[in-house]
Each structure stands twice: as structure tokens, then as C-alpha cells.
Amino acid sequence: MLNASFTVDPSFRVGAVDPRLYGSFVEHMGRCVYSGIYEPGHADADGDGFRTDVADLVRELGVPIVRYPGGNFVSGYRWEDGIGPVRDRPRRLDLAWRSVETNEVGVAEFVRWAATVGAAPMMAVNLGTRGIEAARDLVEFCNVPGGTAWSDLRGGDPYGIKVWCLGNEMDGPWQIGHKTAHEYARLASETARAMRQVDPGIELVACGSSGRAMPTFGSWEATVLAEAYDVVDYVSAHAYYEQHGDDRDSFLACATDMDQFIEEVVATADHVRAVGRHRKRINISFDEWNVWYLSRFAGEKNLDIRERPRLIEDVYSVTDAVVVGNLLISLLRHADRVKIGCLAQLVNVIAPIMTEPGGPAWRQASFHPFALTSTYGRGTVLRVEPVAPCHETGAYGQVPLLDAVAVRPDEGGLVLFAVNRSQTEPMTLDVDLRALTGLTGAEHVALAHEDPDAVNTMAQPDRVRPRRLDEPKLDGGALSSVLPPLSWNMIRLTEG
Ligand code: AHR
């Protein structure tokens, strides 16, 4: 039996959790939109063609903001193709995923759908093949109340879209119209200025590097922010993780990479702040993150041109789900600087929700830690410094076998999220809670399975699900519980 401990003190505040940390992402890619959220003719479709069974799961998942419409897709997208009567909309060749885009769903349909699931849209503009004019027009279409050509075409109330992404992964050679840091910095700054002239109330996300491993990581952020600091609010970060070969220990520790990534982007943004004598801080929009078995994907160049192809429909194991839960711990730990997070993606495409055309929708294993963290991980993050055994990993060297974070809900009580990264050993967790008075009941929910490769499928949709464990011992200010091997855990303490 392993043993770990930490202390929770309400004065060790990291920062308030911005609910947008629990966002997600809908791209016009594969079956995320078509036969994912939208499937007219399905028995559960509403009058607009959106699947209500999927919408129910999205609400249960708890995503307050959803990024749209890409991803790589946005870099070749003409948003005007997706407005007006559906029968008149063009069928376009989408070069990002070599798919046929029917444009049945466009910005108006997406905004309506987002309202039904209680999410704010987070809109990306095309800075690959397009630029200032198309972006400015889209803000006018969405947010100007009326009396102008684009806003009158929309009709009805303005959408009031607050958060906008200035392109997507513009450093990536795979991106249509990808740019050098200088080229992007200039275009993003001027586009941001024009968009703000249309609606001064919007918040803007500049593209950071598309990954920490990009050769230009660091210098890209520095160049872009040096140019655009005053006109943007966030810089984006994207990260996908997968298990390489048999090296499960490294995979289970990949949140240490996310920690370092966040800290490096924060350091770069703060360096630019210091050099430019700026007052405001640029925060992070971690607007694509997940487990993605990218090494199994043959690449977009090898795709046949089809409508709604089955693309990157990764099936997540309980191990993958534990990693997703651990990545959420990393995001929470940095709640002072990471304000937006988007689990990529929402349905079918590397997603927590799967669907079958004409058939059911179900929860992947990764759905569970996300839904529970989004539901209960709201309030103020408290810093914890675990004392835990370490082990050696191939990718990250020595890493602790426990990762954990504490969240103090505004209504009182305490929620602990913890991962036992040991594949074989249970772990006793002792938590010193003497600084918190009035804590009473404790509930322990864990995601673990005797088979670390267990998955949920259409035939077995509930094979992997959270289970309630024995109530942890709460004796005065001391809490003690046992975390199963290879597990994600939530311990909830109530107050009063
Ligand atoms: O989420 C899948 C793809 O990953 C997105 O389109 C792109 O932004 C990233 O490279």
C-alpha cells in the first residue's frame, strides 16, 4: 500500500475557477456536426434537426462554452455559405479534412443549438484563406442589433457572442494559409482592431503555438503578443496526449507536460508584459486538449473525399479517462491564468459522447471525470502540496504517483480531485483539514476498473462508470481514504 498526504488551507488560494474552463469544441469535422449533434430524420431530432438525446448528454457533461466551427476547418471556411435558406447553400470541398461540407448547419443553427444546451458560442474566424473583412462582417452579422446589411440578414436578436478566436493553429504547416509569427501577428492585430470597432465588448484569443513541441514554441507567442498585446485578451494553447507503445507510466504522467506548457506560456506572456510596460495580463485559452491517438491517424492527405466520414473516432479506455481527469486537475491548478478550456471535441471526433446514425448516443469513459469535475469543481482552487512517492517515467523522469487539487465551492464544503498513477498499488491518502471547520459528511467517487483497457461501446455503454467507494474516514481535522490503483477520484465534503 502506498501512502500520500497533503494539507488543505482556505487561505492558500490559487484563484476562482472560471466556469469556461469546462468548455468544449464542435468542429465541422468527421461526424461531430453531421450525425453527431445534428441528424434530421433521427427519432430524437428536434424541429431544427438537432438530436435531443445528444443535447441531453451535452447538458449532463456541463459545457458552458463551445468553440466553433474549427479547428483546421475554419482556415478554409466561408461563413456566408452557411446562412440563408438551407436549400440554396453550396456544397463545398473542405480541404482541411478532405470532406464535403453541405453547409446545412451554419452560424445561426449553431447558435440556436448552443442555447438549447446552455452553452455560449466561442466563434473562430478564418485567418487562413481570409482576413479582416470576413471577420469584421461576421461580428456584424452576429452582434450588431440591426439596421446594417449583415445584421439585417441575420434578423432577430443579436447573438452577443463574447469570445472570438483569431484563426486556428496558424503556426502549423498543415494549416491552410499558415503563417510566420510576424505575418500572423500583423494580421491578427489588424483583424482584432476591426472586430473590436464593430463590437468593443468582445474578448479575443490570439493563436499560440499549436503545441509545445513546435520548433517555434515560445518565440511564436513572444512575437505575436509583442505585436497584439493591447488588442487581445488570451493566447491559445493546444495539447493532445496518447500512450506510446507499452509506456503507460509516462502516459499517466502527461499532466506534468501540461503543467510545464501552461507555466511556459504564462512566463512568455508576462515577459512581453514587462517589456511593453503593459498593465493588463494576458491569460490562457487552452482551447484544444484531450487524449488523441494521433499516431493511429493516417493523416488528412490520405482521406477520400466524403460527407461526414468517420474520422478519428477514438474509443477511450478507463486509462484514457484517468488521464483526462488528471489533465483537468492541471487546468484547475492554473485557474489563476487559464480562464478558458475546450475539451476537443464534443461528439464522435475524439469525443466524450458517441453516436450511431439512426441509433443511440452514449458516454465514453472520459465523459465521467469531465462531467463530475465540471459539476463539482466550481468555486476557488486551493493550492495543495502533496507528499507522495515518486517513480521514474521514460518521458518525464521522476514524477509523483499522486496528483491532486482542492476546490472550495462558494457555498462551502470542499472537493478534492486526485489521481493515483500507480498501475498496481492502492494508495492511502491522508488529508489535513484542520484549517477548515464544520466539514461533516464525505463522499468518495472513483473511476477505476480491473481491466485498464476497459471501454464503453454501443453494446456496453456503461462498462466504465464512476462508482461510490466506502465513505472516507473523517476524524476531527483528518480525512483518510484509499485510492484504487490507476484511478481518478473525487472526494466531496459537505459543511454544516
Ligand atoms: O481537433 C482536431 C484538430 O486538431 C483541429 O482541427 C486542429 O485545430 C488540431 O490540430
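A polar contact is a pair of N or O atoms that lie within 3.5 Å of each other. In this predicted model, such a contact links Glu-169 to the ligand, since a polar atom in the side chain of Glu-169 is found 2.7 Å from one of the ligand's oxygen atoms. Glu-288 takes part in a contact of this kind as well, with an N or O atom of its side chain placed 2.6 Å from an oxygen atom of the ligand, and for Gln-345 the corresponding distance between a side-chain N or O atom and a ligand oxygen atom is 3.0 Å. When the ligand is considered alone, it exposes 280 Å², and 95% of that area is buried by the protein.

The surroundings of the ligand include Glu-169, Glu-288 and Gln-345, together with Phe-25, Glu-27, Gly-71, Asn-72, Trp-97, Asn-168, Tyr-240 and Trp-292. Sorted by class, this shell consists of four nonpolar residues, four polar residues and three charged residues.

The ligand occupies the largest pocket of the model, and the space in this pocket amounts to about 790 Å³. The lining is formed by 37 residues, of which Ser-210, Ala-239, Tyr-240, Trp-292 and Leu-294 are the closest to the centre of the pocket. Two of these central residues, Tyr-240 and Trp-292, also belong to the shell around the ligand. With regard to secondary structure, at least two lining residues come from each of strand S10 (234-241), helix H7 (248-252) and helix H8 (255-275), and the greatest contribution is that of S10, which provides four residues. The lining as a whole comprises 19 nonpolar, ten polar and eight charged residues.

The second largest pocket has a volume of about 320 Å³. Its lining is made up of 20 residues, and those that lie nearest its centre are Asp-259, Arg-333, Val-384, Pro-386 and Asp-403. Helix H8, which contributes to the lining of the largest pocket, also supplies at least two residues here, as do strand S16 (380-382), strand S18 (397-400) and strand S19 (402-408). Within this lining, the largest share is that of S19, with four residues. In terms of class, the residues that line the second largest pocket divide into eleven that are nonpolar, three that are polar and six that are charged.

Methods: Residues numbered from 1 in each chain as written. Predicted model: local features only at pLDDT ≥ 70, side-chain atom pairs only at ≥ 80, totals over all residues. Heavy atoms only, no water. Near = heavy atom within 4 Å. Polar contact = N/O pair within 3.5 Å; in protein donor to acceptor, adjacent residues only side chain to side chain. Areas by Shrake-Rupley, 256 points an atom, 1.4 Å probe, with all protein chains shown as cover. 1 Å grid on protein atoms, 1.4 Å probe; cavity = no way out; pocket = protein on both sides within 12 Å on 5 of 7 lines; lining within 4 Å. Sits in = over half its atoms within 2 Å of the grid points. Nonpolar A, V, L, I, M, F, W, Y, C, P; charged D, E, K, R; others polar. Points joined across faces, edges and corners; volume = space filled by probe spheres on them.
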